[in-house]
Amino acid sequence: MSSIFIQIDENPNCPAMDGQVFQPRTPGQVVREIRMQRGDEAHWCAVTGIDGGWRECDALAYLVDDSGDGACYLVVGGAWGLRFRAAKDATEWGEPYLLMAADGGDLRFSA
């Protein structure tokens, strides 16, 4: 399986990020929701990828090698990263990518 190279240029969705390379163990799976810590509570948030011009695309999760924990899920989106919407209050924000626990308990995959 080919390496995954992530580089996010300056954009209005999330901070820019210098290039990083990850080695996937599995093919990507479409992710629709992620449980994230916001303040004192964990909340389920809708997630999508964002390409240039605010075009939505799939957010994909790959099981990857991680030097500290052995493995984790890498969640990536488009050229402008990932976009989240909290179910509790509809707050939105962007991130370049996420690393999540390898057990997948904080991810809800597309059917």
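**A tour from the largest pocket to the cores**

Begin by selecting strand 4, which contributes four residues, the largest share, to the lining of the largest pocket in this predicted model. To see the whole lining, add to the selection Ala46, Val47, Thr48, Ile50, Trp54, Glu56, Arg83, Phe84, Arg85 and Glu92; strand 4 and strand 8 are the elements that give two or more residues to it. The space that these residues border amounts to about 160 Å³, and colouring the lining by residue class will separate five nonpolar residues from one polar and four charged ones.

Stay on strand 4 and pick His43, which has its place there. His43 counts as buried because its relative accessible area is 14%, under the cut-off of 20%. Leaving out residues up to four places away in sequence, show the partners that His43 touches, namely Ile34, Arg35, Met36, Arg38 and Lys88.

Next, turn to the largest nonpolar core, a set of 18 residues in which Ile34, Val75, Phe84, Leu98 and Leu107 touch the most other members. At least two residues of this core come from each of strand 3 (29-38), strand 4 (41-51), strand 6 (59-66), strand 7 (70-76), strand 8 (82-86) and strand 10 (98-101). Centre the view on Leu98 and, setting aside neighbours within four places in sequence, display its contacts with Ile34, Met36, Tyr73, Leu74, Val75, Leu82 and Phe84.

Finally, select Met17, Phe22, Cys72 and Val76, which are among the twelve residues of another core, lying apart from the largest one.

Methods. Residues are numbered from 1 along each chain as its sequence is written. This is a predicted model: local features need pLDDT of at least 70, side-chain atom pairs count only at pLDDT 80 or more; totals for chains, interfaces and linings use all residues. Side-chain values use heavy atoms; hydrogens and water are left out. A nonpolar core is a set of buried Ala, Val, Leu, Ile, Met, Phe, Trp, Tyr and Cys residues joined through side-chain atoms within 4.5 Å. Buried means under 20% relative accessible area, exposed over 50%, partly exposed in between (1.4 Å probe, protein chains only). Contact means heavy atoms within 4.5 Å. On a 1 Å grid over the protein atoms alone, a cavity is a set of points where a 1.4 Å probe fits but cannot get out, and a pocket is an open set with protein on both sides within 12 Å along at least five of seven lines; lining residues have an atom within 4 Å of a point. Grid points are joined across faces, edges and corners, and a volume is the space filled by probe spheres set on the points. Ala, Val, Leu, Ile, Met, Phe, Trp, Tyr, Cys and Pro count as nonpolar, Asp, Glu, Lys and Arg as charged, and the others, Gly among them, as polar.
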